[in-house]
Amino acid sequence: MVDRIIEEEELVVLVDDDGGEHEFYLIDTIEVGEGRYAVLLPAEEDDEEESEVIILKIGEDEEGNEVFYEIEDDEEWEQVADAWEEVDKDEENIELAEEEWQKIVPVTVTEEMANTNCPYCHTLLKPGGKAISCPSCKTLHHEECWRVSRGCAHVECDK
Ligand SMILES: [Zn+2]
Ligand SMILES: [Zn+2]
């Protein structure tokens with residue numbers, strides 16, 4: 001079970017053993033078993049290599065402040081890495097799904113089609129204009145309206 005807790009990117013500063021400060025973006029927090037883990041992306045751009053995320057365990061110090069620990073247990077590390085991979089994959093899928101509506105090619109409105117109301121703005125389609133037919137319910141939208149509503153605006157559409 002993986003829960004997302006933090007949605008916004010947060011800048012965190014980590015201090016290494018030599019006292020050097022490194023900035024990271026906290027891109028996600030995941031829960032695995034009993035532990036909470038922070039997924040961090042280096043904020044300092046490295047042109048040579050692609051930045052890779054690091055995952056640290058979230059704990060508390062004696063004063064109750066949130067601190068990050070390195071994951072030392074191999075098994076624990078593997079579980080967390082797997083969990084992150086899954087979250088990452090889910091997000092990619094969501095992005096793909098969002099693009100689906102953008103791929104639909106508009107059609108030119110014929111006289112016949114012009115008799116229907118666009119479900120988004122509730123005005124008639126104009127002959128010769130561009131319209132997009134919902135792949136699921138086939139309702140025609142003005143191309144503009146389809147883009148603004150980011151997909152089908154038909155109330156009964158199950159997409
Ligand atoms: Zn419209
Ligand atoms: Zn639809």
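How many bridges join E3 to strand E4 (residues 54-60), and in which sense do the two strands run? There are 5 bridges, and the strands run antiparallel. Welcome to a predicted model of a protein chain with 2 helices and 8 strands. Below is a tour of the sheets, the cores and a few residues to look at while you have the structure open.

**Confidence and overall layout**

- The average pLDDT of the protein chain is 85, and 86% of the residues reach at least 70.
- Please treat the start of the chain with care: over residues 1-7 the pLDDT stays under 50. For that stretch the model has 13 contacts beyond four places in sequence.
- Followed along the sequence, the elements come in the pattern β-β-β-β-β-α-β-β-β-α.
- Of the 159 residues in the protein chain, 14% are buried.
- Taking contacts between residues at least 6 apart in sequence, 27% join residues at least 24 apart.

**The sheet of 5 strands**

- This open sheet has the strand order E1-E2-E3-E4-E5, with antiparallel pairing.
- Strand E1 (10-15) and strand E5 (66-69) are at the edges; each has a single partner strand, so one side of each lacks a neighbour in the sheet.
- On average, neighbouring strands here are turned by 50 degrees against each other, direction ignored.
- Strand E2 (residues 21-32) pairs with strand E3 (residues 35-42) over 8 bridges, in the antiparallel sense. To find this pairing on screen, look for Val32, whose bridge partner in E3 is Gly35.
- On the E3 to E4 pairing, Ala38 stands opposite Leu56 in E4.
- E4 also pairs with E5, again in the antiparallel sense, over 4 bridges. One place to see this is Gly59, which stands opposite Val67 in E5.
- E4 and E5 form a hairpin, with 5 residues between the two strands. In the turn, Gly64 has a positive phi of about 85 degrees.

**The sheet of 3 strands**

- The other open sheet runs in the order E6-E7-E8, and its pairing is antiparallel.
- Its edges are strand E6 (107-108) and strand E8 (140-142); since each has a single partner strand, one side of each is left without a neighbour in the sheet.
- Strand E7 (residues 130-133) is joined to E8 by 3 bridges, and the two run antiparallel. Here Ile132 has His141 in E8 as its bridge partner.

**Nonpolar cores**

- Which residues make up the largest nonpolar core? There are 8 of them: Phe24, Ile30, Tyr37, Ala38, Val39, Leu40, Val80 and Ala83.
- Two or more residues of this core come from each of E2, E3 and helix H1 (74-100). E3 gives the largest share, with 4 residues.
- Tyr37 is a good residue to click on in this core. Setting aside neighbours within four places in sequence, its contacts are Thr29, Ile30, Val32, Ile55, Leu56, Lys57, Ile58 and Val80.
- Another core, of 7 residues, lies apart from this one; Val109, Cys118, Leu140 and Trp146 are among its members.

**Individual residues to look at**

- Cys134 is in the loop between E7 and E8. Is Cys134 exposed, partly exposed or buried? With 19 other C-beta atoms within 10 Å, Cys134 is partly exposed, because a residue counts as buried from 20 upwards.
- Cys134 lies 8.4 Å from Ile104, C-alpha to C-alpha, although 30 residues separate the two in sequence.
- Most residues other than glycine have a negative phi. Two residues in this model, discussed next, have a positive phi although neither is a glycine.
- His122 has a phi of about 60 degrees. Its place is the loop between E6 and E7, and with 9 other C-beta atoms within 10 Å, His122 is exposed.
- Arg150 has a phi of about 50 degrees. Arg150 is found in the segment after helix H2 (143-148), and with 10 other C-beta atoms within 10 Å, Arg150 is exposed.

Definitions and conventions:
Residues are numbered from 1 along each chain as its sequence is written. Chains are lettered from A and ligands numbered from 1 in the order in which they are written. This is a predicted model: local features need pLDDT of at least 70, side-chain atom pairs count only at pLDDT 80 or more; totals for chains, interfaces and linings use all residues. pLDDT is the predictor's confidence in each residue, from 0 to 100. Two residues are in contact if their C-beta atoms, placed from the backbone, lie within 7 Å. Two strands pair if DSSP finds at least two bridges between them. Axes are lines fitted to C-alpha atoms, for helices over the stretch in contact, and angles run from 0 to 180 degrees between N-to-C directions. A residue is buried if 20 or more other C-beta atoms lie within 10 Å of its own, exposed if 12 or fewer, and partly exposed in between; C-beta atoms are placed from the backbone. A nonpolar core is a set of buried Ala, Val, Leu, Ile, Met, Phe, Trp, Tyr and Cys residues joined through C-beta atoms within 7 Å.
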